[in-house]
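Work through the exercises below with the model open. Each task is followed by a stepwise solution.

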Amino acid sequence: MKKGEVYTGRVLYADFPNKAVVEPIAKVDKGDLSANDVVIANASFIPMGEEEPSRVIVKNSIPGQEVSFMVNKKKHGKCEGRLLEVIKKADSETNEACPHFGNCGGCVYQTVDYNTQLEMKREQVKKLIDAVAKTDYEFEGIIGSPKFEEYRNKMEFSFGDEFKDGPLALGLHKRNSMYDIVNVSGCKIVDKDYSKILDCVKVWAVSNDLKFLGKNSHEGFLRHLLVRKAVKTKEILIDLITTTQENHDAKIKELSDALLKLDLEGKIVGVLHTLNDSIADVVINEGTEIIYGQDFITEELLGLNFKIAAFAFFQTNSLGAEVLYSKAREYVGETKDKVIFDLYSGTGTIAQILAPVAKKVVGVEIVEDAVKSAKENAKLNELNNCEFIAEDVLTALDKIEDKPDFIVLDPPRDGINPKALEKIIDYGVDSMVYISCKPTSLQRDLVMLQERGYKIKKVCLVDMFPGTVHVETVCLLSRKPQV
Ligand SMILES: C[S@@+](CC[C@H](N)C(=O)[O-])C[C@H]1O[C@@H](n2cnc3c(N)ncnc32)[C@H](O)[C@@H]1O
């Protein structure tokens, strides 16, 4: 196989994350390709040579599909291909696709029947853990999200163009593209309020002829639109993120008024304007002004109330979070008279769910706004045995005077810094619960945890992200012979 060649193939299975493994069937004669490189119906196929790689990774394809792909990487005898066309759907593809499916980079498994999605994620994560587990453990399978559509409580949309020098777009990045943006009004993983807000902001931007920040020119005004909507309280927070290159304060006030007039199921409690001149294409808060109302929403989880600031981490699937935290609480077990560390604590959700039945909970979180929210939330929930520290876990552990009896870990996608993990292990607690949003990072950290005496006792997955390749994993670890 050579770069640029086109093949057809059958998708055999998919490894985490989105690594679909394809068995090539035939090489497609390039003379038979249509202008946009998609295989046309009467393409002639050249049988595979025996020396060709027998497996190719083709992202965004689904087990059971027959696809065409173009080889775009070849290294050490391993091949990767870019999906060109789905020639035949998989039998599991029974869900109706969102109008943006395939074009938008957000979802990969949306057309797949939900039970099959769960089964795929279950097998993918089990395979990763089995590959490093040194002892037997109890695998409890996967729990599905209570909703598999309209489940998200937060979206970060980008301003850009649909194609180079094309019209203004507001939505998500196009699949495989750093630049192009897909308008995602009608997106299925959020409810209709998000689409109405998106449409309103886009009409406002176009009618005022406002320009988005060019990735190469670094010139322009509009950057991102952050929308949060609490599932239980229905409160909505909208934050327009721009550069400081132009001043459109009066127009932003007009936008706020237009948003407040929308006929929504939820209630807008705050409209914000955040400034961000950084080069990186991520939402960074360099100063926020409240244009209307307040700068937070309140969400309810497992009977507790949580104030969520615009930029604080909060699980994006509220109903799924209740399932996840219930499983974590079950794995933590008896907490009476125990001091618990909630490391990577975000807005303090886990700490506060455990606090009513613990002696004390100490949360450590690097984002100051999130810690501020966590402290306010503890007051709101009348919990006075929680302490929250705004610092990197790596350095905070050297300063905390309390000694933990139990540790809950819920790190970001990259997992735990190895030096921080050393310090965590040095506490020598009998058991820990590790919640992971990226099983490949969990797999890496499990190697060190087992080398230092911990055993994997139980694992359960919770699907917080239907339609996408992502999944949460809850893992109970223990250094005692029996739990
Ligand atoms: C997956 S979130 C978990 C948050 C929280 N446990 C929850 O369920 O809402 C990971 C959190 O770790 C924080 N974080 C990332 N790196 C950190 C570090 N080095 N030290 C402390 N917190 C960190 C992030 O800001 C984020 O809030």
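**Exercise 1: the partners of β17**

In β20, Leu343 has Leu409 as its bridge partner. This is a predicted model: local features need pLDDT of at least 70, side-chain atom pairs count only at pLDDT 80 or more, and totals for chains, interfaces and linings use all residues. Residues are numbered from 1 along each chain as its sequence is written.

Task: find which strands β17 joins, and in which sense.

Solution.
- Step 1. Helices (H or I, at least four residues) and strands (E, at least two) are DSSP runs, numbered from the N terminus. Two strands pair if DSSP finds at least two bridges between them.
- Step 2. Take β20 (residues 406-409): four bridges join this strand to β17, and the two run parallel.
- Step 3. Turn to β18: five bridges pair β18 with β17, in the parallel sense. Asp342 has Gly363 of β18 as its bridge partner.
- Step 4. Trace the connection. β17, helix α5 (residues 349-354) and β18 make a right-handed β-α-β unit. Right-handed means that, with the strands pointing away from the viewer, the path from the first strand over the helix to the second runs clockwise.
- Step 5. Check burial. Four of the five residues of β17 (residues 339-343) are buried, so the strand is mostly covered (buried: 20 or more other C-beta atoms within 10 Å of the residue's own, placed from the backbone; exposed: 12 or fewer; partly exposed: in between).

**Exercise 2: the whole sheet**

Task: give the strand order and state which strands lie at the edges.

Solution.
- Step 1. Eight strands form an open sheet, ordered β7-β22-β23-β21-β20-β17-β18-β19, with mixed pairing.
- Step 2. β7 (138-143) and β19 (386-390) are the edge strands, each pairing on one side only.
- Step 3. On average, neighbouring strands of this sheet are turned by 15° against each other, direction ignored.
- Step 4. Find an antiparallel pair: β21 (residues 431-436) and β23 (residues 472-478), joined by six bridges. Val433 has Leu476 of β23 as its bridge partner.
- Step 5. Add a helix. α6 (residues 368-380) lies across β18 (360-365) and β19, at about 170° to β19. Axes are lines fitted to C-alpha atoms, for helices over the stretch in contact, and angles run from 0 to 180 degrees between N-to-C directions.

**Exercise 3: His248**

Task: is His248 buried or partly exposed?

Solution.
- Step 1. His248 sits in the loop between β12 (235-242) and α3 (249-260).
- Step 2. His248 has 17 other C-beta atoms within 10 Å, so this residue is partly exposed.
- Step 3. Not counting residues up to four places away in sequence, His248 touches Leu210 and Phe221 (contact: C-beta atoms, placed from the backbone, within 7 Å).

Terms used:
Contact = placed C-beta atoms within 7 Å.
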